[in-house]
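Morning, everyone. I have one structure to go through today, and I will take it piece by piece. Please have a look at it first.

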Amino acid sequence: MATLTYEDRIGSIVFNRLDCLRNEYAKNDCTLCQEVCAHDAFGFREGKLRLLPSCVQCGACVGVCPTHALRLEGATIETLVERLISSESRSFTCKDLFPCFGALNFWDWAVLVLEAKEVVCDVSHCASCKHNRENAVEKHLSKAIDEVNRLMQVLGQEARIRCEVHPNVKPVKRVWFEKLITSKSTMPSPDSLWVFKQKMKAYLESAVWIRSEDFSFIHPKAVTITCDNCKECVRFCPTHALSYDTTQTKILFQTGQCIGCNICETVCAKKAIDTPEVTVDIASFAFERAEVLIAHDLRVCDTCRCAFSYKGGDMICERCASFEKEHAEMFVLASQSR
Ligand code: SF4
Ligand code: SF4
Ligand code: SF4
């Protein structure tokens with residue numbers, strides 16, 4: 001009997017369809033993997049995003065996916081750290097240790113530099129690479145590296161990532177697949193975000209504040225008084241960054257869990273949730289501390305006897321109030337006809 005699977009697999013590239021934002025919520029407009037793929041290997045079938053046979057396993061898309069729906073089997077951050085530390089120059093290229101720099105995400109770079117202290121990224125092959133269509137991979141790479149270096153500065157670390165271009169490099173065969181893919185690890189690898197958080201927990205002795213507009217991994221949330229406690233944002237949040245307390249009256253938010261997909265903002269009919277620019281303590285991010293976004297005062301509506309978020313005034317819920325308003329004229333006409 002065939003086993004039901006939600007994964008598309010082309011060689012070492014695995015796409016878990018259930019983790020993709022497009023498949024999680026149909027109105028989400030994430031196109032990051034499609035933008036970076038030079039081989040048009042993502043397409044829709046029956047309304048669902050799929051990995052297509054045109055995938056050449058370059059790995060360029062893996063690092064851009066915010067939900068880790070894409071992975072490169074056999075590659076672990078520990079292996080890369082080990083190999084980098086054992087190389088004297090702390091330098092690596094896509095022709096040696098890794099298939100494509102695009103396979104690394106922001107957290108991979110952060111862990112690499114925290115462990116190796118100095119990382120030299122040899123990008124000599126990028127300009128002529130067929131996987132780097134319209135410099136999409138290089139743009140992703142330089143954004144991540146720039147941000148990681150700024151983060152190291154804020155953390156008071158001297159560790160940095162540096163990119164180098166060597167003129168007149170000769171095209172060479174990629175040896176990464178033979179070195180790493182063929183010796184597949186069956187051990188689950190902790191993801192780099194988790195490793196980063198553990199390192200920060202051990203390292204941070206006091207609060208380190210960063211401005212959310214300076215770092216793309218921080219997505220603070222705020223909820224306005226127009227929130228009517230419908231719970232849609234919590235139901236749709238793919239990472240459980242939003243949740244309710246046990247009394248079901250407070251919306252809690254963990255910035256350390258939020259990936260900034262904006263599904264919560266899209267589903268909120270009241271437009272009550274948004275992403276403000278604020279300063280955030282990195283410790284709160286690392287410890288996944290929860291904050292209260294809004295606390296509702298639940299009362300029973302005098303008309304329908306259902307619980308509603310009381311904002312002052314008459315003890316009537318919004319639905320009943322708007323029903324009465326809409327039908328006020330009809331009620332007057334009915335009373336006059338008696
Ligand atoms: S980048 Fe990830 S979440 Fe976004 S569409 Fe691609 S697979 Fe889905
Ligand atoms: S923020 Fe919006 S979606 Fe979330 S509970 Fe309030 S009204 Fe509903
Ligand atoms: S809180 Fe909103 S933006 Fe953050 S992961 Fe949840 S749905 Fe996405």
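Let me start with a question: which residue in strand 7 is the bridge partner of Ser91? It is Val120. Before I go on from there, please keep in mind that this is a predicted model.

That pair belongs to the contact between strand 6 and strand 7, residues 118-122, which pair in the parallel sense over three bridges. The two strands sit in an open sheet of three, in the order 6-7-8, with parallel pairing. At the edges are strand 6, 91-93, and strand 8, 160-164; each has a single partner strand, so each has one side left without a neighbour in the sheet. From one strand to the next, the twist averages 25 degrees.

Now for what lies on that sheet. Helix 4 lies across strand 7 and strand 8, and runs at about 125 degrees to strand 7. Helix 4, residues 106-116, also packs with helix 3, residues 77-86, at an angle of about 40 degrees, and their axes are 10 Å apart. The crossing of helix 3 with helix 4 is right-handed. On the helix 3 side, the contact is made by Ile77, Leu80, Val81, Leu84 and Ile85. On the helix 4 side, Asp108, Val111, Leu112, Glu115 and Ala116 make the contact. Sorted by class, that contact has eight nonpolar residues, no polar ones and two charged ones.

Stepping back to the whole chain for a moment. The protein chain has 338 residues, and buried residues make up 29% of them. Its secondary structure comes to 12 helices and 17 strands. Of the contacts with a separation of 6 or more, 73% are between residues 24 or more positions apart.

Next, the other open sheet on my list. It has three strands in the order 1-2-5, and here the pairing is antiparallel. Which strands stand at its edges? Strand 1, 7-10, and strand 5, 70-72, do; each has a single partner strand, so one side of each is left without a neighbour in the sheet. Neighbouring strands in this sheet are turned by 20 degrees against each other on average, direction ignored. Strand 2, residues 13-16, is joined to strand 5 by three bridges, and the two run antiparallel. One named pair there is Phe15 with Leu70, its bridge partner in strand 5.

Then there is a hairpin. Strand 3 and strand 4 form it, with two residues between them, and Glu46 in the turn has a positive phi of about 50 degrees. Strand 3, residues 42-45, runs antiparallel to strand 4, and four bridges join them. Arg45 has Lys48 as its bridge partner in strand 4. Along strand 4, residues 48-51, the side chains alternate. Leu49 and Leu51 point to one face and are buried, while Lys48 and Arg50 point to the other face and are not buried.

While we are on positive phi, two more residues. Gln57 is not a glycine, yet its phi is positive, about 65 degrees. Gln57 is in the loop between strand 4 and strand 5. Is Gln57 buried, partly exposed or exposed? It has 17 C-beta neighbours inside 10 Å, so it counts as partly exposed. Lys271 is also not a glycine, and has a positive phi of about 50 degrees. Lys271 is in the loop between helix 9, 263-267, and strand 13, 273-274. Lys271 is exposed, with 10 other C-beta atoms within 10 Å.

Last, the ligands. Ligand 1 is surrounded by 13 residues, of which Cys20, Cys30, Leu32, Cys33 and Cys65 are the closest. The elements giving two or more residues to that shell are helix 1, 21-24, and helix 2, 32-36. By class, the shell around ligand 1 has 11 nonpolar residues, one polar and one charged.

Ligand 2 has 13 residues around it, and the nearest are Cys227, Cys230, Glu232, Cys233 and Cys268. Its shell divides into eight nonpolar, one polar and four charged residues.

Around ligand 3 there are 14 residues, with Cys237, Ala241, Cys258, Cys261 and Cys264 coming nearest. That shell has nine nonpolar, four polar and one charged residues.

That is what I have; I will take questions now.

Key
Residues numbered from 1 in each chain as written. Chains lettered and ligands numbered in written order. Predicted model: local features only at pLDDT ≥ 70, side-chain atom pairs only at ≥ 80, totals over all residues. Buried ≥ 20, exposed ≤ 12 C-beta atoms within 10 Å, placed from the backbone. Contact = placed C-beta atoms within 7 Å. Near = placed C-beta within 6 Å. Nonpolar A, V, L, I, M, F, W, Y, C, P; charged D, E, K, R; others polar. Pairing = 2+ DSSP bridges. Axes fitted to C-alpha atoms, helices over the stretch in contact; angles between N-to-C directions. Left-handed = near helix turned anticlockwise from the far one by under 90°.
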